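I keep a notebook when I meet a new structure, and these are my entries for this one. Feel free to read along with the model open beside you.

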Amino acid sequence: MALLLGGLLACFAASGCSLGSAGPACSSSANTYCMADHLGSDGSALLQAVISRHSVEKTPPVKLLGNLSGFGSPESVAYDAVHKVLFLSNTNGPPGGKNDGYISKMSWSKKSGKVEVVAKRWVTGFDAPMGIAVHGDYLYVADVSVLKVVHIPSGSIEKSYKGEGVVFNDVAVDRKGRVYAADFFGNRIFRLDGGSFGPWLSSPDLKTPNGLKVLGNRLLIAAWGPDTDTTTFQPAGPGGLLSVDLATKVIKPITGSSFAGSLDGVDNGPFMGYLVTEFFQGLLLYVDRHGEVTQLAQLEQTAADLAYVEDGKIAVVPVSAKGYVAIFSLRCDSSDPELFDLQDTSASAEDAEAAAELLDSERMEAELDKAMEEEGLKDEELEQEGRRS
């Protein structure tokens, strides 16, 4: 506890934060993020939850590590945490066509963040594969109107599930192994559950569902925009980030009405937030848990379905029309002189008393109860989100 308390005090001192009866108040967004980054690596999910409630801004730092080119209309990236590899779908032509699409397999280095191609055409036998998701030994692929299941160890397509009158865009898997597929033009979500595949949710409030990600008891949806034209792909209005309760199917917006854009991909991001891509403007965006949107990077048009690798804190973003993926680091630089020293315990008695009050178990529980009430998450889900950074 002494080390943790000292580290907390040093974090606040170095990041322009102060402790008081109302909790911590901070003035530096980058250092606030990096403070939580270090606390998270120390396993302190509870502290992250409290800091998250009081911090003014929590925008992660971003640095382009490089681009990897030579792909055929790359669309979606998925990280396999078990096998420590990345998969990339390639439509190899226009979406929805019979293009001889394929899945690429890539490796990455945690130390350098470098991504390299292991097998460009790792699995073939697709028309125009779009969204992909990993669960256990299987890779689920949205291939136009068919959900295909790839056995990762053998690299072969084992099963296919046909949807009628649909164009599937992205897929996601919950922790029970149920697979969700977005019917782009139909404003529907299909679900594969125990071999049964069919519509699970239908609503115009889905605003042309594009990217999907399951997080705890919620399905996150990167919405393209309402009433999308089936020829031009132009929506009648802006999309945004949505959340669907998996138990009740209640749809709630995360981003506010001021957001203007068409979202393509979504993944969990650092510090209890989300990473999303805006397709037409070619943007990598960060959405905090309150729905505030911050631009992290400007790419080129057609920024597609990204993946965030928590282990290395890198984001891999395909740019479809240009045939490459961009790799970004969202890691705090330990050599940054502005970062704090977790071993530094120099603090005034007044600060120590305030920190002790903050760390009091009853107060911590109260803060967590508020956070869970706002997010609608269970204890383990809140801690899981806290550990992500």
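How many of the 6 residues of strand 7 are buried? I looked this up to get started, bearing in mind that the model is a predicted one. Strand 7, residues 138-143, has 5 of its 6 residues buried, so I noted that strand as mostly covered, with buried meaning under 20% relative accessible area.

**Entry: the partners of strand 7**

I went on to the strands on either side in the pairing. Strand 6 (residues 129-135) runs antiparallel to strand 7, and 5 bridges join the two. One pair I wrote down is His135 with its bridge partner Tyr138 in strand 7. The hairpin of strand 6 and strand 7 has 2 residues between the strands, and Gly136 in the turn shows a positive phi of about 65 degrees.

Strand 8 (residues 146-151) is also antiparallel to strand 7, here over 6 bridges. Asp143 stands opposite Val146 in strand 8. This hairpin, too, has 2 residues between its strands, and Val144 in the turn has a positive phi of about 60 degrees. I paused at that, because most residues other than glycine have a negative phi.

**Entry: strand 11**

Is strand 11 largely enclosed or left open? I found that 5 of the 5 residues of strand 11 (residues 179-183) are buried, so the rest of the structure largely encloses this strand. I then checked each face. Val179, Ala181 and Asp183 are buried on one side, and Tyr180 and Ala182 are buried on the other.

Next I looked at how strand 11 pairs. With strand 10 the sense is antiparallel, over 4 bridges, and Val171 has Ala181 of strand 11 as its bridge partner. Between strand 10 and strand 11 the hairpin has 5 residues, and Gly177 takes a positive phi near 85 degrees there.

With strand 12 (residues 188-193) strand 11 is again antiparallel, over 5 bridges. Ala181 turns up once more, as its bridge partner in strand 12 is Phe190. The hairpin of strand 11 and strand 12 has 4 residues between the strands.

**Entry: loop residues**

Asn187 lies in the loop between strand 11 and strand 12. I marked its phi, near 50 degrees, as a positive value in a residue other than glycine. At 16% relative accessibility Asn187 is under the 20% limit, so I count Asn187 as buried.

Thr208 is a second entry of this kind: phi is near 60 degrees, again positive in a residue that is not glycine. I located Thr208 in the loop between strand 13 (196-202) and strand 14 (209-215). Thr208 is buried, with a relative accessible area of 3%.

I also looked up Gly225, in the loop between strand 15 (218-223) and strand 16 (240-245). Its relative accessible area is 0%, so Gly225 is buried. Asp205 is 20 residues away along the chain, and the C-alpha atoms of Gly225 and Asp205 are separated by 9.7 Å.

**Entry: an open sheet**

In what order do the 4 strands of the open sheet come? I read the order as 1-24-23-22, with antiparallel pairing. Strand 1 (63-69) and strand 22 (307-309) stand at the edges with a single partner strand each, so one side of each has no neighbour in the sheet. On average, neighbouring strands of this sheet are turned by 20 degrees against each other, direction ignored. For a detail, I followed strand 22 to strand 23: 3 bridges join them, and Tyr308 has Ala315 of strand 23 as its bridge partner.

**Entry: the largest nonpolar core**

The largest nonpolar core has 17 residues, and among those with the most contacts inside it are Leu275, Leu284, Val317 and Phe328. Strand 20 (283-287), strand 21 (293-298), strand 23 (314-319) and strand 24 (324-329) each supply at least two residues of this core. Strands 23 and 24 are already in my notes, as part of the open sheet.

**Entry: the second largest pocket**

My last stop was the second largest pocket, which holds about 430 Å³ of space. Of its 26 lining residues, Glu75, Pro95, Met130, Phe233 and Phe279 are the closest to its centre. Strand 2 (74-80) and strand 10 (168-173) each supply at least two residues of the lining. By class I listed 14 nonpolar, 10 polar and 2 charged residues in that lining.

Terms used
Residues numbered from 1 in each chain as written. Predicted model: local features only at pLDDT ≥ 70, side-chain atom pairs only at ≥ 80, totals over all residues. Heavy atoms only, no water. Core = buried A, V, L, I, M, F, W, Y, C linked by side-chain atoms within 4.5 Å. Buried < 20%, exposed > 50% of the residue type's maximum accessible area, 1.4 Å probe, protein only. 1 Å grid on protein atoms, 1.4 Å probe; cavity = no way out; pocket = protein on both sides within 12 Å on 5 of 7 lines; lining within 4 Å. Points joined across faces, edges and corners; volume = space filled by probe spheres on them. Nonpolar A, V, L, I, M, F, W, Y, C, P; charged D, E, K, R; others polar. Pairing = 2+ DSSP bridges. Axes fitted to C-alpha atoms, helices over the stretch in contact; angles between N-to-C directions.
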